[in-house]
Amino acid sequence: MVSAGAMSTSGNLMDFLDEPFPDVGTYEDFHTIDWLREKSRDTDRHRKITSKSKESIWEFIKSLLDAWSGWVVMLLIGLLAGTLAGVIDLAVDWMTDLKEGVCLSAFWYSHEQCCWTSNETTFEDRDKCPLWQKWSELLLSQSEGASAYILNYLMYILWALLFAFLAVSLIKTILSGFIIRGYLGKWTLLIKTVTLVLVVSSGLSLGKEGPLVHVACCCGNFFSSLFSKYSKNEGKRREVLSAAAAAGVSVAFGAPIGGVLFSLEEVSYYFPLKTLWRSFFAALVAAFTLRSINPFGNSRLVLFYVEYHTPWYMAELFPFILLGVFGGLWGTLFTRCNIAWCRRRKTTRLGKYPVLEVIVVTAITAIIAYPNPYTRQSTSELISELFNDCGALESSQLCDYINDPNMTRPVDDIPDRPAGVGVYTAMWQLALALIFKIVITIFTFGMKIPSGLFIPSMAVGAMAGRMVGIGVEQLAYHHHDWIIFRNWCRPGADCVTPGLYAMVGAAACLGGVTRMTVSLVVIMFELTGGLEYIVPLMAAAVTSKWVADAFGKEGIYEAHIHLNGYPFLDVKDEFTHRTLATDVMRPRRGEPPLSVLTQDSMTVEDVETLIKETDYNGFPVVVSRDSEQNARQRQEGIVSNSIMYFTEEPPELPANSPHPLKLRRILNLSPFTVTDHTPMETVVDIFRKLGLRQCLDVLRHMAQMANQDPESIMFN
């Protein structure tokens with residue numbers, strides 16, 4: 001079989017006069033790669049390098065450089081991904097605080113950095129310092145009152161709208177003025193980095209952690225293009241992208257091991273053992289780079305790193321499992337509602353106004369978010385506050401308990417106490433924030449801006465978990481004589497940690513949306529640094545996946561892949577229908593005949609016309625049109641003197657004939673074949689496990705069997 005995509009990329013078939021062919025083996029946009037061919041090409045390349053390395057010292061050095069090029073690429077990816085993550089974190093921190101005020105001593109300082117540098121900051125009022133002024137204090141010289149509140153409210157909304165407008169304007173300008181050929185190109189890296197800072201700072205219900213994976217993959221694509229080992233082999237390039245995805249999760253959550261498992265579990269289609277080690281190295285370098293930058297000033301890789309000092313008890317597994325059920329239900333609700341909204345956006349006039357949609361959603365988010373302190377602050381800060389344990393130094397409303405004046409306990413062992421007014425106020429504010437986050441995230445995710453789903457999902461779960469944790473804590477305090485509390489929660493003991501419930505809820509909701517399990521538990525474990533909390537996390541993650549899978553097997557990312565019609569065979573899908581390969585084979589009766597190339601009767605003009613009139617990726621090469629039913633290759637067959645030949649040696653041509661065109665190198669002499677009675681289950685497994693390229697009809701058949709529109713598979 002000959003690849004039409006390879007033949008059409010250079011424009012004119014006469015360019016291919018002899019070996020090697022320029023651009024042969026490249027793929028156009030929205031085309032799948034041939035994994036077997038790419039692996040075979042890399043094996044041939046490695047064999048040649050090994051044989052040449054014995055010829056001279058220079059060739060031996062070149063072979064060593066080739067062997068080390070993979071590790072060099074991983075090092076560069078880790079350094080750049082970690083640096084960009086640190087810059088993004090610092091910029092988002094500053095621009096988020098800019099919506100509420102400005103530092104007089106240095107306007108580029110965030111609120112926390114400004115107060116750090118002030119000598120007049122006290123411990124009791126550590127969030128207030130003379131150097132940091134809200135906009136009402138700067139413009140009206142007032143910090144309290146209706147006018148000050150209204151001005152701060154308006155400035156918050158205006159800054160949010162400005163950031164959102166700058167983000168969509170920047171994207172629109174680039175798209176109208178430059179050609180972005182690649183989803184992972186240099187322009188994409190630059191624009192994604194800048195707009196990610198702007199949209200997160202605008203206060204929209206999205207996170208930067210998901211897009212950081214895309215940023216890291218852009219870094220991987222850039223550095224792989226510098227080495228021919230990867231730039232000329234799409235299969236090897238995807239090994240680099242798998243490692244880059246691991247580095248992205250590493251800097252997003254401060255979880256290098258979790259990043260490697262995330263790439264293995266969720267991202268990669270092909271993940272050999274060598275890629276596992278290189279992914280680990282890239283994630284390590286990225287985490288080390290981010291740690292050196294120290295963007296949060298806490299010597300940690302993430303803002304919401306926590307440590308708990310109280311063990312969990314067996315009776316708490318029941319509320320942990322309930323949080324898992326909530327996470328599964330939330331994941332199902334979000335996936336279905338978001339896909340329905342995105343489908344409406346694609347099929348109605350709403351999709352024609354992406355800039356207006358972003359501005360309207362930003363305005364609604366800012367207007368509703370400002371009055372509630374738990375929606376006004378950044379989502380990462382909210383998660384950090386919800387995860388934190390209430391120690392003696394905490395000033396949050398969530399820690400407003402009624403203290404016993406006679407208590408003399410260590411700081412890390414404060415007993416359970418009755419909730420104060422601040423805790424009850426925080427509970428209903430969290431309930432309102434939870435409803436708002438659930439609704440607004442459905443409409444935000446999928447807009448034409450960089451939007452991550454990890455942090456909003458974790459925020460939803462953390463709010464629900466914190467409320468459940470406070471409820472269990474107060475129940476244990478006021479009813480410690482109940483049989484479920486009697487054995488492990490004595491009066492005056494520190495029994496329940498509400499922050500742990502927030503963490504478990506965050507894991508449950510994130511697992512319900514993405515259907516992650518192993519990598520999710522490891523990521524959350526690395527966030528807390530405690531081995532003893534793995535069982536609650538595992539219970540919540542597995543429960544959320546079970547509940548979500550009961551309503552549908554697709555996570556949010558698989559659902560968007562199917563919505564966009566991308567040709568993707570998920571390794572987790574099962575084909576349960578009893579159909580045969582003959583149900584997929586084309587052509588059928590009444591359809592046009594099979595498009596083929598003959599080895600001895602077609603001119604270049606005929607082939608160019610065939611390529612222009614069809615949209616296929618490949619064509620069978622047959623002896624003649626009369627033998628299409630049992631097409632075979634003949635080594636002795638030659639092409640006519642008009643243009644091309646597919647044999648090993650050129651045919652003998654008259655002296656005045658044009659130069660023959662040798663196309664043997666783009667001919668697959670051993671294509672995989674199936675009979676018309678092969679079960680479709682076997683055919684799907686062949687395509688899925690061997691990574692074959694010609695799978696469009698298979699995908700359309702699977703869509704038809706699932707009562708979906710086969711034409712929704714848009715790309716070859």
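## A tour of the predicted model

Helix H3 supplies nine residues to the nonpolar patch, the largest share from any element. The model is predicted, and residues are numbered from 1 along the chain.

**Stop 1: the nonpolar patch.** Select Ile 57, Trp 58, Phe 60, Ile 61, Leu 64, Leu 65, Trp 68, Trp 71, Val 72, Leu 273 and Trp 277; together they make a nonpolar surface patch of about 1,200 Å². Two elements give two or more residues to the patch: helix H3 (57–98) and helix H12 (273–293). Within the selection, pick Ile 61, which is in helix H3. Ile 61 counts as partly exposed, with a relative accessibility of 35%.

**Stop 2: Trp 71 and its surroundings.** Keep Trp 71 and add Phe 281. A search of the whole structure finds 14 aromatic pairs. In the pair of Trp 71 and Phe 281, the ring centres are 5.6 Å apart and the planes are at 75 degrees, so the arrangement is edge-to-face. This pair links distant parts of the chain, with Trp 71 in helix H3 and Phe 281 in helix H12, 210 residues apart. Trp 71 is partly exposed at a relative accessible area of 31%, and Phe 281 is partly exposed at 26%. Now add Arg 278: its charged end sits over the ring of Trp 71, 5.5 Å from the ring centre.

**Stop 3: the tyrosines.** Move to helix H6 (residues 146–177), where Tyr 149 and Tyr 153 lie four residues apart, about one turn of the helix. Which of the two is buried, and which is partly exposed? Tyr 149 counts as partly exposed at 37% relative accessibility, while Tyr 153 counts as buried at 18%. Extend the selection to Tyr 156 and Tyr 370, which form one aromatic cluster with Tyr 149 and Tyr 153. Then show Arg 376, which lies over the face of Tyr 370 at 4.2 Å from the ring centre.

**Stop 4: salt bridges between elements.** The structure holds five salt bridges. Select Asp 89 and Lys 208, whose side chains meet in a salt bridge at 3.5 Å, N to O. Asp 89 lies in helix H3 and Lys 208 in the loop between helix H7 (186–201) and helix H8 (209–224), so the pair ties together parts that are 119 residues apart in sequence. Both Asp 89 and Lys 208 are buried.

Next, select Glu 357 and Arg 345. The closest N and O atoms of this salt bridge are 2.8 Å apart. Glu 357 is in helix H14 and Arg 345 in helix H13 (residues 317–347), 12 residues apart. Both residues are buried.

**Stop 5: helix H14.** Stay with Glu 357 and show the whole of H14 (residues 354–369). The helix has 16 residues and reaches 22 Å from its first C-alpha to its last, close to the 22 Å expected at 1.5 Å a residue. Colour its buried residues: Glu 357, Val 358, Val 361, Thr 362, Ala 363, Thr 365, Ala 366 and Ala 369.

**Stop 6: a salt-bridge network.** Finish at Asp 549 and Lys 545, whose side chains meet in a salt bridge at 3.2 Å, N to O. The two are four residues apart in helix H22 (residues 534–551), about one helical turn. Asp 549 is buried, with a relative accessible area of 16%, whereas Lys 545 counts as partly exposed at 24%. Add Arg 515 to complete the view: salt bridges that share partners join Arg 515, Lys 545 and Asp 549 into one network.

Technical notes. Predicted model: local features only at pLDDT ≥ 70, side-chain atom pairs only at ≥ 80, totals over all residues. Heavy atoms only, no water. Expected span 1.5 Å × (residues − 1). Buried < 20%, exposed > 50% of the residue type's maximum accessible area, 1.4 Å probe, protein only. Patch = residues over 30% accessible without salt bridge, like charges linked within 9 Å, V, L, I, M, F, W, Y side chains within 5 Å. Areas by Shrake-Rupley, 256 points an atom, 1.4 Å probe, with all protein chains shown as cover. Salt bridge = Lys/Arg side-chain N within 4 Å of Asp/Glu carboxyl O. Phe/Tyr/Trp six-rings, centres within 6.5 Å; stacked < 30°, edge-to-face > 60°. Lys NZ or Arg CZ within 6 Å of the ring centre and 35° of its normal.
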